[in-house]
Structure formats: C-alpha cells, structure tokens
Amino acid sequence: MSRLIIVSNRVQPPADTAPANQGGLAVALASALREHDGIWCGWSGETTDVFTGDIRMQTAAGVTTATIDLEEQDVEEYYNGFANRTLWPLLHHRTDLAEHEREFAGGYERVNQRFADIFAPLIEGDDLVWVHDYHLFPLGRDLRQLGVRNRIGFFLHTPWPPTQLLLSLPSHRTLVESLFDYDLIGFQTEEWLNNFEHYLSTELGLEPNADGEYRLGERSFRVLACPIGIDGEEFAELSRSPAARYSRYRMKQSATGRDLIVGVDRLDYSKGLEERFLGYERFLANNPEQHSEVFLLQIAPPSRGEVESYQAIRSTLDALSGRINGNYADIDWVPIRYVNQGYPRAKLAGIYRAAKIGLVTPLRDGMNLVAKEYVAAQDPEDPGVLILSRFAGAAAQLKDAVLVNPYSSDDIADGISQALTMRRGERTARWEAMMHNVTTENVAWWLRRFTDALEKRPTTR
Ligand code: GDG
C-alpha cells in the first residue's frame, strides 16, 4: 500500500496529546494515517516573526506530523482573510458576508506556495498526496510546478456553492482552473458535486469524457461524491465508557427529570444557532404546558474570533439567549443553558446519550459530524431523536432523522414537539436505520473509497 501524505491547513497533535476539544476531522485524519503509513503536513497554529520554513517532525500515537509556523501577516491574509472572510462565507452561500480584498488573495497564494515549497521534498516514490479543504485549493498546482508527479487528490469538506454564487468571487476561474492539477476531486454529497459540474459545464464548456474525466488541455481529473463518516463503533463505545457514564449521570442529575435537547456546534453563523434559538422560543410560546419540562443545552465553543462576523454572531446569541431566558425562566428552571466552551469527547458522548433530542440545524453544512456522533452515542434500548437540517450534507444519508427547514421557526418548533412525543417503537426504528448508516458508511469506508479511487487513476503527469 502506498504511503499517504495528507496536507491540511491545521495539523492537530495525535490523540494521546490532543486538546480535549479535538474535533472529528482531526480524529478521522489521524486514524487514516495509522492505517496507511504516512505524514500529516500543515500549519502548527503558531506564529513566528520571520518565516523560516523550518519543519517540526513529530511522531506520537502512531502518527507522524510535519508542521510549520506562519507569520502574523500570513495568518491575517490567508487564514483570517481569504479562507475565513472570503471563501468560507461564499462556500456556505453567504455572499453577503464574503469580503473581497486583494491582499487576502495575495496572502492565500503566498501561503499555498510556502506549503508547496516546504512539503514537496517530503513526497517520495509512489506516495499518494491528499490535500484537504478550501484553505488549499491551489496547492496541487503549486506542487506540480515544483515537479511533483505523484497522484494528488483533493477533498472539499464544505459545500460547493451554486454557480451564480461562485461567480461573485473575482478569481473564480483561476481557482477552478488550478484544480485541474489534481487527479481526483472529492465532495461530501452529490449536491455539491452537481454544483461543481454545473460550473464546469456552463463556465468552461466541459463535459466528462467516456472515462468519466474532465479534461482541460493536458490536465484532467475525476470527481467523486464521498461523504465523510465517523468511527461509529468507537464513538458508541466511548459513550459507554466510565467518563461518559459519569457525564451522563451528572447531566441527568442536573436535569431533574426534564428532557434534555442538546446542540453542539462551533460558534459559526453557518450552524444556524440564531434560527435554532428562535425555533426553540417558538416551541416554548406554542407549548406552555412544556415549560419546566424541557431545556436546551447549547454547547458552542468560540471559533475564528478575530473575524468580525464571528464576533457579531456571538453578541447576537448572547442577547437572544438572555431574552429567551428572561422571558421564560422560572425560579427553578432556565430554558436555555448556553455555554461557550469545549468539552472532552467522552464528556460530550455522555451528554449526547443523556439527551432526548439532538438538535442539529445548520443553514448549510458540508456534512456535519455532530449529527452522526449523536446517533452513535444513543442507548439502543431507548434512543433519542435526531432533528436535522435538510441543508446539512448528512441529511442525504440520515434520512430517518426528523428533517426540518432551519430557516423556519415553526418547522423547528414542530420538529421538537414531534420528537418529544415520539413513541419508543418509532424512535428505535429510526435510530436503527441511522445507526446502520453511521457504522457502515464510516470513516474507514470514506478513507478507502477516496484513496482507492485516487490509487486507480493512471499516472499521466
Ligand atoms: C467541517 C465542515 C464537516 C465540537 N464541539 C466540541 C467538539 N466538537 C467537535 C464535534 C465534531 C466536530 O467538532 C465538528 O464537526 P462538524 O462536522 O460538525 O463541523 P465543522 O467543524 O464545521 O467541520 C463539516 C466536517 O468539516 C468534516 O468533513 O462535517 O460540514 O464544516 O466532531 O464533536 N469536540 C469536543 N468538544 C467540544 O466542545 N471534544
């Protein structure tokens, strides 16, 4: 089996030294690297006064990482700038929030070039190179210019937007043309893939050839819809671990017989938190008899706090949760517990298991791993109900969730009522179907499908 060189913006330390709030993607990539020998390359998350290009190589928990530090200006222009102020909102259909600044685009190009210069020498023989996410769209092109001829694949974790929205990006054509230096491009769902193919067809006049390739001059790629999964068995086991049991016990104690509705999301406008709070408020308004019977626990660790739109969402949510609690709380009941910190995974697993409802309502999401984790953590004898936005990539697989339109407060409110009154037989039937998906289309399946497809591409470079 070929070695796997993974490149992503951030490299998280392997599991045994990981911060407690390590996310699902980090866990997924680390397990990919344990299976294939290889190296995980990217930014350390640290800054330096002057870029030196020194690589820090580390091996821990069976995973080798290669990291570099970036300059403040790099972080400002590439990460906070082009990646998170321009691309992220655009990819999530928020053209209103996307900022188009020349220096952001310049910093993005510079950092991608730096990644290529520094990491290209680590690529050997028949290594497979797998580039991740929107921070690194042009990296394939930059690696080719340095003479890398290995197979290189790219996977996009976010949605790919409809063509009319993408056209608002001044450099849309350069960006898409640079993708032809990859051999394989993966998307989370058919929908994002279809949007991409629509662009290729309408803007570049391209259709796939008989081999299913898109070709531009000498360069060609294949495309694949390949939804990311979690390690469902491992997460289910984690939810039964002593740490999770203790967390579930604590949660149940503090719930004092009330039904828990849980939400867990990075504090991000794409996650639909404001709309979720409004939907819950509508539920409270429509169901006075349910007051004191339920509560919503929203865990929302802050992210990208340097970006203004993230500061704005934070103050909106502070105000909204304050208003709802102010209007509805009683001396012994608070309708929303809203916390801005991360928790260890085992603790989270116990909280998911204690919750009667998992409320996952992003306005747009590439996949959404929280939905899958919530399913995996349920007690098979008495599972809770997943309420899921139809606009999350995960909705294409988790069809037995209660699917809602996250923009509609009524829809969210009705979903909560439906879930709270759902009989055990229906809950179990829905959960079994979803659990089957979570454990079969799991992270190992995702990894294998992508790397197999990449390995099968003929070497033409
Ligand atoms: C991007 C795409 C796609 C959250 N809070 C805590 C915590 N988390 C973990 C969750 C989950 C992960 O972070 C979040 O994953 P999501 O998939 O929900 O969302 P993004 O961060 O936006 O991820 C998304 C994903 O990439 C993978 O392709 O699904 O669509 O946007 O694993 O559990 N983990 C811990 N404590 C927390 O407080 N330990």
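**Domain contact and the crossing of H2 and H3**

In this predicted model, 19 residues of domain 1 are in contact with 21 residues of domain 2. Of the side of domain 1 that touches domain 2, the largest share comes from H2, with three residues. By class, the residues on that side of domain 1 comprise six nonpolar, eleven polar and two charged. As for the division itself, the protein chain splits into domain 1, covering 4–229 + 443–455, and domain 2, covering 232–440. Taken over C-alpha atoms, the centres of domain 1 and domain 2 are separated by 30 Å.

Helix H2 deserves a second look, this time alongside helix H3. H2 spans residues 72–91 and H3 spans residues 102–119; their axes come within 8 Å and cross at roughly 110°. Because angles of 65 to 115 degrees count as roughly perpendicular, H2 is described as roughly perpendicular to H3. The crossing in which H2 passes H3 is left-handed.

Which residues make this contact? On the H2 side they are Gln73, Asp74, Glu77, Tyr78, Gly81, Phe82, Ala83, Arg85 and Thr86. H3 contributes Glu103, Phe104, Ala105, Gly106, Gly107, Tyr108, Arg110 and Val111. Sorted by class, the contact of H2 with H3 holds seven nonpolar, five polar and five charged residues. Tyr78, Phe82 and Ala83 of H2 are among the nonpolar residues, as are Phe104, Ala105, Tyr108 and Val111 of H3. The charged residues include Asp74, Glu77 and Arg85 of H2, together with Glu103 and Arg110 of H3.

How values were computed: Residues are numbered from 1 along each chain as its sequence is written. This is a predicted model: local features need pLDDT of at least 70, side-chain atom pairs count only at pLDDT 80 or more; totals for chains, interfaces and linings use all residues. Axes are lines fitted to C-alpha atoms, for helices over the stretch in contact, and angles run from 0 to 180 degrees between N-to-C directions. Helices (H or I, at least four residues) and strands (E, at least two) are DSSP runs, numbered from the N terminus. Angles under 35 degrees count as roughly parallel, over 145 as roughly antiparallel, 65 to 115 as roughly perpendicular and the rest as oblique. A crossing is left-handed if the near helix is turned anticlockwise from the far one by less than a right angle, and right-handed if clockwise. Two residues are in contact if their C-beta atoms, placed from the backbone, lie within 7 Å. Domain bounds come from an automatic or database domain assignment.
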